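This report describes one protein model, with attention to its sheet, its helices and its charged contacts. The sequence and structure come first.

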Amino acid sequence: RSAMKNKLFWKLGLIYLLMLLLVIGALGLYVVRALEQEYLEAAYAQLEMVSRIAMSQLSPLPDESALQGSAESLAQSGIRITFVSGDGIVLADSEEDPAAMQNHAARPEIREAFLSGSGRAVRYSATLGRDLVYLAKRYDYEAEKSLVIRAAVPLRKLDETLYSFRHRLLFMSLFIMILAGGASLLYFRTISNRIRSLKDFSRRVAEGDFQPLPRGRHSDELSELA
């Protein structure tokens with residue numbers, strides 16, 4: 001009951017717990033961002049390697065049947081491969097029928113690849129119904145003729161990793177909050193009780209009671225004040 005009336009005790013305790021919560025939250029956010037970046041860099045490195053292999057297998061005058069065979073062969077590594085013509089028409093795809101697919105000229109990674117030679121994107125695939133990491137490379141095979149080789153890998157593994165990490169982080173944060181919060185509240189309660197003893201002593205002095213305070217076992221500023 002006395003602790004409930006002690007405003008200083010609750011102010012110190014709540015401020016400390018709030019700071020601890022902010023630190024844990026900031027650390028968790030930083031680690032999640034770092035995991036996302038690390039996974040994306042690893043995914044792009046894998047897609048880059050597959051794209052180079054695809055380019056090395058292309059003939060000087062690639063036809064659609066050869067492109068489809070190359071796409072299906074490369075897809076055995078678990079990566080989706082798509083070949084797109086200069087006007088955005090899908091020539092071959094390892095997972096869908098190219099004839100049923102929409103024009104890809106407006107896809108950000110395709111557009112960037114035709115402009116600069118390489119394009120990246122992380123976005124939702126309406127065709128497959130899930131988020132993918134895309135890497136597109138331009139392949140020039142004739143004078144003023146080119147196509148784009150696009151490799152893609154799903155973000156499912158990253159989502160599963162982050163989901164598991166967030167759960168572990170939540171349990172660890174609760175454990176730290178209980179352990180550190182309990183210890184800090186006990187410490188702040190001790191400080192608060194010592195201050196309250198000084199306040200009670202000053203009231204006794206004002207009423208004419210000069211009985212000294214008992215000597216404590218602490219050696220700090222509050223002890224000197226006592």
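Phe83 has Ile149 of strand β5 as its bridge partner. The model in which this pairing is found is predicted. A further contact of this kind links Ile81 to Ala151, its bridge partner in β5. Strand β1 covers residues 80-85, and 6 bridges join it to β5 in an antiparallel arrangement.

**The sheet**

Strands of a sheet pair through backbone hydrogen bonds, either parallel or antiparallel. Here, 5 strands make up an open sheet in the order β2-β1-β5-β4-β3, and the pairing is antiparallel. The edges are held by β2 (90-93) and β3 (118-125); each has a single partner strand, so one side of each is left without a neighbour in the sheet. On average, neighbouring strands are turned by 25° against each other, direction ignored.

Helix α4, residues 108-116, packs on this sheet and touches β1, β3, β4 and β5. The direction of α4 makes about 175° with that of β3. Helix α3, residues 64-74, lies across β1, β2 and β5 and runs at about 35° to β2.

Strand β5 spans residues 145-154, and 9 of its 10 residues are buried, so β5 is largely enclosed by the rest of the structure. The antiparallel pairing of β5 with β4 (residues 130-142) rests on 10 bridges. Among the paired residues are Asp140, whose bridge partner in β5 is Ser146, and Tyr134, which stands opposite Ala152 in β5. The hairpin of β4 and β5 has 2 residues between the strands, and Glu144 takes a positive phi near 60° there.

Strand β4 also pairs with β3: 8 bridges join these two strands, which run antiparallel. Within this pairing, Val122 stands opposite Val133 in β4.

**Salt bridges**

How many salt bridges does the structure hold? The count is 9. Three of them are listed here with the separation of their N and O atoms.

| Salt bridge | N to O distance |
|---|---|
| Glu36 and Arg33 | 3.6 Å |
| Lys137 and Glu48 | 3.1 Å |
| Arg203 and Asp200 | 3.2 Å |

Where in the structure does the pair of Lys137 and Glu48 lie? Lys137 belongs to strand β4 and Glu48 to helix α2, so this salt bridge ties together parts that are 89 residues apart in sequence. The cut-off for a buried residue is under 20% relative accessible area, and Lys137, at 16% relative accessibility, counts as buried.

Both Glu36 and Arg33 are in helix α2, 3 residues apart, about one turn of the helix. Glu36 has a relative accessibility of 22% and counts as partly exposed, while Arg33 counts as exposed at 53% relative accessibility.

Helix α5 holds Arg203 and Asp200, which are 3 residues apart and so separated by about one helical turn. Arg203 counts as partly exposed at 42% relative accessibility. Asp200 also counts as partly exposed, with 33% relative accessibility. Elsewhere, salt bridges that share partners join Glu48, Arg52 and Lys137 into one network.

**Helix surfaces and chain separation**

Which residues form a nonpolar patch on the surface? Met172, Phe175, Ile176 and Leu179 do, and together they have about 410 Å² of accessible area. Met172 lies in helix α5, which runs over residues 156-206. The relative accessibility of Met172 is 47%, so this residue counts as partly exposed.

Lys7 is found in helix α2, residues 7-57. With 64% relative accessibility, Lys7 counts as exposed. Lys7 and Leu155 are 148 residues apart along the chain, and their C-alpha atoms are separated by 50 Å.

How values were computed: Residues are numbered from 1 along each chain as its sequence is written. This is a predicted model: local features need pLDDT of at least 70, side-chain atom pairs count only at pLDDT 80 or more; totals for chains, interfaces and linings use all residues. Side-chain values use heavy atoms; hydrogens and water are left out. Patches are made of residues with over 30% relative accessible area and no salt bridge: like charges are joined within 9 Å, nonpolar side chains (Val, Leu, Ile, Met, Phe, Trp, Tyr) within 5 Å. Accessible areas come from the Shrake-Rupley method with a 1.4 Å probe; for residues, only the protein chains shown count as cover. A salt bridge is a side-chain nitrogen of Lys or Arg within 4 Å of a carboxyl oxygen of Asp or Glu. Helices (H or I, at least four residues) and strands (E, at least two) are DSSP runs, numbered from the N terminus. Buried means under 20% relative accessible area, exposed over 50%, partly exposed in between (1.4 Å probe, protein chains only). Two strands pair if DSSP finds at least two bridges between them. Axes are lines fitted to C-alpha atoms, for helices over the stretch in contact, and angles run from 0 to 180 degrees between N-to-C directions. Contact means heavy atoms within 4.5 Å.
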